[in-house]
Structures are given as structure tokens and as C-alpha cells.
Amino acid sequence: MAVVAVQQFQCFTESNWRNITRPCIPPHSSLLLRSRNKIQISLISCSSSQTPEADTQTAESCVNLGLELFSKGRVKDALTLFETALSLNPNPVEAQAAYYNKACCHAYRGEGKKAADCLRTALREYDLKFGTILNDPDLASFRVLPEFKELQEEARLGGEDIGYSFRRDLKLISEVQAPFRGVRRFFYVAFTAAAGISLFFTVPRLLRAINGGDGAPDLLATAGNAAINIGGIVVLVALFFWDNKKEEEQLAQISRDETLSRLPLCLSTNRVVELVQLRDTVRPVILAGKKETVSLAMQRAERFQTELLRRGVLLVPVIWGEGQETKLEKKGFGLKPKAAEALPSIGEDFEKRAQSITAKSKLKSEIRFKAEVVSPVEWERWIRDQQKSEGVSLGEDVYIILRLDGRVRRSGKGMPDWQQIVKELPPKEAFLSKIER
């Protein structure tokens with residue numbers, strides 16, 4: 001949830017922060033978006049000394065009061081104030097805050113469609129960054145709903161209705177993973193243009209050769225040149241479209257990887273974390289299938305437990321149909337509000353905190369050989385999307401092995417051969433594991 005500081009503050013930029021979620025607010029403004037516990041934006045940090053005038057109702061004061069009520073659990077009253085703020089001719093930053101926090105209220109109430117509509121407006125008209133939606137713990141309950149998947153797919157494709165920022169971010173990741181795609185496309189276009197120009201001059205020569213007469217060029221040689229140019233154009237255009245298709249598939253996979261990173265797990269200490277928080281620490285192995293099949297695979301894995309733990313393997317069983325019996329709470333992932341507040345931040349604050357040896361050691365001490373999925377419905381949905389992309393029949397027993405960096409290493413039908421996995425995966429302290437991070 002974004003929280004608002006008031007009136008006097010000092011604004012400064014942090015060039016080393018990676019996610020840019022909002023423009024830096026000038027000193028005369030008093031609006032600041034925060035998480036309930038941690039600053040949620042990337043480029044500004046401010047300190048406040050006063051509260052808004054109680055008798056002056058402005059868009060800013062309504063957002064401030066709404067956030068205060070939300071923190072006290074008065075979600076309905078907070079929602080009314082955010083709607084009031086939008087009716088008071090807010091500036092773009094105030095409007096973005098009002099729409100975003102209104103979405104958080106709808107998410108708390110389990111109103112996925114209304115939350116998605118508010119976020120869509122903030123993305124389209126007020127330059128909200130999609131990464132903010134991915135990182136805010138107050139939208140955790142929204143991220144397990146079908147409306148979030150629809151919004152994410154719209155953002156991946158880009159367009160006037162949702163904006164291009166998320167797609168642009170995905171393309172940047174894609175370029176890192178496939179750095180020569182742009183070079184290849186340049187040559188495709190350049191060679192296609194060269195072949196087209198050559199064909200432009202070859203066609204009149206071919207017509208003269210067909211008509212014959214004095215000075216006419218050789219028919220076979222001219223026809224051969226034309227055929228080469230036409231064939232080159234066809235091949236280059238086909239390669240260009242094939243490369244585009246591969247890029248779209250890669251963007252879809254990156255988007256799925258991002259969705260996977262936000263799925264929640266319950267560790268052996270009953271601590272709930274998102275998968276992204278375990279990056280560089282474990283190699284999750286997802287076992288999805290019927291209860292009997294998964295249970296048997298878990299039993300077989302216990303024979304190799306010592307070696308698998310050396311390699312950072314964390315078993316994540318997903319039983320088909322189990323999520324249908326789970327009732328999703330409106331807040332978080334079925335946790336009480338106090339437990340939800342105790343969850344670590346998922347954004348930049350967590351990444352900075354996770355760099356400390358103490359925090360990493362504490363998290364490692366809580367990780368055991370097995371973790372339970374939270375929100376099984378969303379886990380099943382992600383696995384079925386992965387099956388569809390790999391051409392595997394939906395509902396078939398599968399296993400998915402993740403890398404230390406959270407990306408999919410490989411997957412297969414049925415249950416894994418643990419002895420083969422022990423041979424395949426290097427120990428966590430090995431050089432190859434350091435490269436994988």
C-alpha cells in the first residue's frame with residue numbers, strides 16, 4: 001500500500017536504485033508514495049514534520065487520511081476517501097496515488113476486477129510502473145487472481161490501453177538474454193533491401209531477355225540472378241518473422257518466470273515467502289501431479305536427501321486439484337493481518353536487506369528439504385501455462401527444476417530420477433553454481 005508523507009520534506013535522487021517507479025516530486029509538493037513499512041518508490045525519499053490542515057479538504061489530504069484509515073483496518077472508509085480525492089481535481093501524482101491505493105483497497109476486499117480497473121487506469125494515464133504492482137505486499141492477494149494474469153498479459157503485449165513500460169522492461173531482459181537479436185535483424189533488413197534493389201534492376205533485364213533481339217542479355221543468367229534475389233528475400237523475411245516469433249515466446253517465458261517468482265511458499269518454520277526471496281539460495285524442484293505420484297517421488301527423494309541438500313534442492317509438491325479445496329482469504333495468502341504485516345518486503349528494500357550476511361543466514365536456517373505451496377490455485381495455473389508452452393498435455397504429471405537465479409533449468413514428464421539429478425547439479429559451493437547465480 002502506498003503511504004503519503006505530508007508538507008515539509010527534502011527530495012533527493014538515488015542513482016544506484018534500479019527500479020524507477022515514479023518521477024521525483026519537486027520540493028513544493030508534499031506527496032510521497034511508500035509501502036506501509038518500507039519506501040516503495042525508487043527515486044525519492046522524504047522526511048515530514050507536519051500533518052495536513054484538518055479543515056482543508058484537498059486531494060492530497062484525502063489520500064493521506066485514507067491511508068491512515070487503511071492502516072487501521074477501516075478499508076471501506078479509506079476507499080471512500082480515495083474516491084473523493086479523485087473528484088477534487090488532483091494533479092497527476094495525486095491521481096496516481098489515489099488510483100493505486102484504491103486498487104489496494106479493492107484487493108483487500110477481494111474485488112479483483114475493480115482493482116484491475118484502477119491499476120489499468122494508473123498504468124495508462126499516470127505512468128505507474130508495473131514493477132510496483134509486482135513488488136507491493138498489499139497486492140499479494142490480487143496477484144493470485146485471474147484478473148492479475150489478464151493485466152500482466154496486457155502489459156506484456158503493450159498498447160494504448162495499458163502502456164508500454166512493462167513490455168519495454170521485458171524487452172530489455174530479452175536483449176540481455178539474446179544480445180545479438182538486434183544485430184541479426186539489422187542484417188536481415190539490410191540484405192533484404194539489397195536483394196530488393198538488385199531485383200528492381202534485374203526485372204527489366206529479364207523482360208528484355210525474354211523478348212530477345214539484338215543486345216538482349218542472356219536469359220538463363222538473368223533468370224538465375226532474379227531467382228537468387230527472390231529466394232534471398234523470401235529466406236530473409238522468413239528469418240525476420242521467425243526471430244520475431246522467438247522473441248515473443250521469450251517475452252512470454254520471462255513474464256511466466258516473473259509470475260513464478262511471485263508465487264508464495266510456506267517454509268518449515270511456517271514463514272511465508274515469495275519464491276523470489278529464495279534466489280541464490282536454493283534450487284526449487286516443483287513436483288506436480290496426482291497425490292500418489294508426488295508422494296512416491298518425495299519418498300524416493302529422501303534416499304538422496306543429503307546429496308540433494310548439498311546442491312540446494314528444495315522440494316515443492318503441487319497436488320492437482322488441491323487448490324479447489326482451499327478458500328482464498330482477502331488479505332495476503334490466507335494469513336491474519338498481523339502475520340501479513342510480518343512478511344518481509346519483496347521490493348528493493350528486501351533486496352538491499354538480503355545482501356546482509358545476517359538476513360541471509362536467518363533465511364537459510366529456515367529452509368529445509370521441503371516447502372508447502374500457498375495459494376495452490378495460482379501454482380496450478382502457472383504450471384498449466386508452462387505445460388501449454390512446452391506442448392505437454394494439461395494435467396499430466398511433470399517436474400520442473402529451477403536454477404539458483406530462479407529461471408527454469410529444465411522440465412520433464414513424470415517424476416524425476418533423483419540419482420540423475422544428483423549427478424547433474426553441482427554442489428552449491430562449486431564454481432558452476434556461482435556462475436548460475
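## Salt bridges

In this predicted model, the count of salt bridges comes to 27. One of them joins Lys72 to Glu68, with the closest N and O atoms 3.4 Å apart; Lys72 is exposed, at a relative accessible area of 58%, whereas Glu68, at 40% relative accessibility, counts as partly exposed. Another is formed by the side chains of Arg124 and Glu125, which meet at 3.2 Å, N to O. Arg124 is partly exposed at 34% relative accessibility, and Glu125 is likewise partly exposed, with a relative accessible area of 46%. Elsewhere, salt bridges that share partners join Arg283, Arg409, Arg410, Glu424 and Glu436 into one network.

The salt bridge between Glu83 and Lys102 has its closest N and O atoms 4.0 Å apart. The pair links distant parts of the chain, since Glu83 belongs to helix α2 (residues 75-86) and Lys102 to helix α3 (residues 92-108), with their positions 19 residues apart in sequence. Glu83, at 37% relative accessibility, counts as partly exposed, while Lys102, at 15%, counts as buried because the cut-off for that class is under 20% relative accessible area.

## Nonpolar cores

The largest nonpolar core has 23 residues, of which Leu260, Leu265, Ile286, Trp379 and Ile383 touch the most other members. The elements that contribute two or more residues to this core are the strands β3 (283-289), β4 (313-319) and β6 (398-402), together with helix α16 (376-390). For Ile383, once the neighbours within four places in sequence are set aside, the residues in contact are Ile286, Ala288, Val318, Trp320 and Val398. A second, separate core is made up of 21 residues and includes Tyr100, Leu119, Leu145 and Phe148.

## A three-stranded sheet

An open sheet of three strands is arranged in the order β2-β1-β5, and the pairing is antiparallel. The edges are taken by β2 (272-274) and β5 (372-373), each of which has a single partner strand, so one side of each is left without a neighbour in the sheet. Strand β1 (residues 264-266) runs antiparallel to β2 and is joined to β2 by three bridges. Within this pairing, Leu265 stands opposite Val273 of β2; Leu265 is also among the residues that touch the most other members of the largest nonpolar core.

## The surroundings of Gln387

Gln387 lies in helix α16, an element that gives two or more residues to the largest nonpolar core. With a relative accessibility of 3%, Gln387 counts as buried. Not counting residues up to four places away in sequence, Gln387 touches Trp320, Val392, Ser393, Leu394, Gly395, Glu396 and Val398. Of these contacts, Trp320 and Val398 also appear in the list for Ile383.

The side chain of Gln387 has a polar atom that lies 2.9 Å from the backbone oxygen of Glu396. Gln387 can also be placed relative to Lys413, which is 26 residues away in sequence and 9.7 Å away in space, taken from C-alpha to C-alpha.

## Aromatic pairs

A pair of aromatic rings is described by the distance of the centres and the angle of the planes. The count of aromatic pairs in this model comes to eight, and one of them is formed by Tyr99 and Tyr126, which are stacked at 5.8 Å centre to centre with 25° between the planes. Tyr99 lies in helix α3, whereas Tyr126 lies in the loop between α4 (112-125) and α5 (130-135), so the pair ties together parts that are 27 residues apart in sequence. Tyr126 is partly exposed, with a relative accessible area of 23%.

The rings of Phe142 and Phe148 have their centres 5.9 Å apart and their planes at 80°, and the pair is therefore edge-to-face. Phe142 is buried at 0% relative accessibility, and Phe148 is buried as well, with a relative accessible area of 3%. Ring pairs extend this arrangement to Phe130, linking Phe130, Phe142 and Phe148 into a cluster. Phe148 is, in addition, one of the residues included in the second, separate core.

Key
Residues are numbered from 1 along each chain as its sequence is written. This is a predicted model: local features need pLDDT of at least 70, side-chain atom pairs count only at pLDDT 80 or more; totals for chains, interfaces and linings use all residues. Side-chain values use heavy atoms; hydrogens and water are left out. A nonpolar core is a set of buried Ala, Val, Leu, Ile, Met, Phe, Trp, Tyr and Cys residues joined through side-chain atoms within 4.5 Å. Buried means under 20% relative accessible area, exposed over 50%, partly exposed in between (1.4 Å probe, protein chains only). Helices (H or I, at least four residues) and strands (E, at least two) are DSSP runs, numbered from the N terminus. Contact means heavy atoms within 4.5 Å. Two strands pair if DSSP finds at least two bridges between them. A polar contact is a pair of N or O atoms within 3.5 Å; within protein, one must be able to donate a hydrogen and the other to accept it, and residues adjacent in sequence count only if both atoms are side-chain atoms. Rings of Phe, Tyr and Trp (its six-membered ring) pair if their centres lie within 6.5 Å; planes under 30 degrees apart count as stacked, over 60 as edge-to-face and the rest as tilted.
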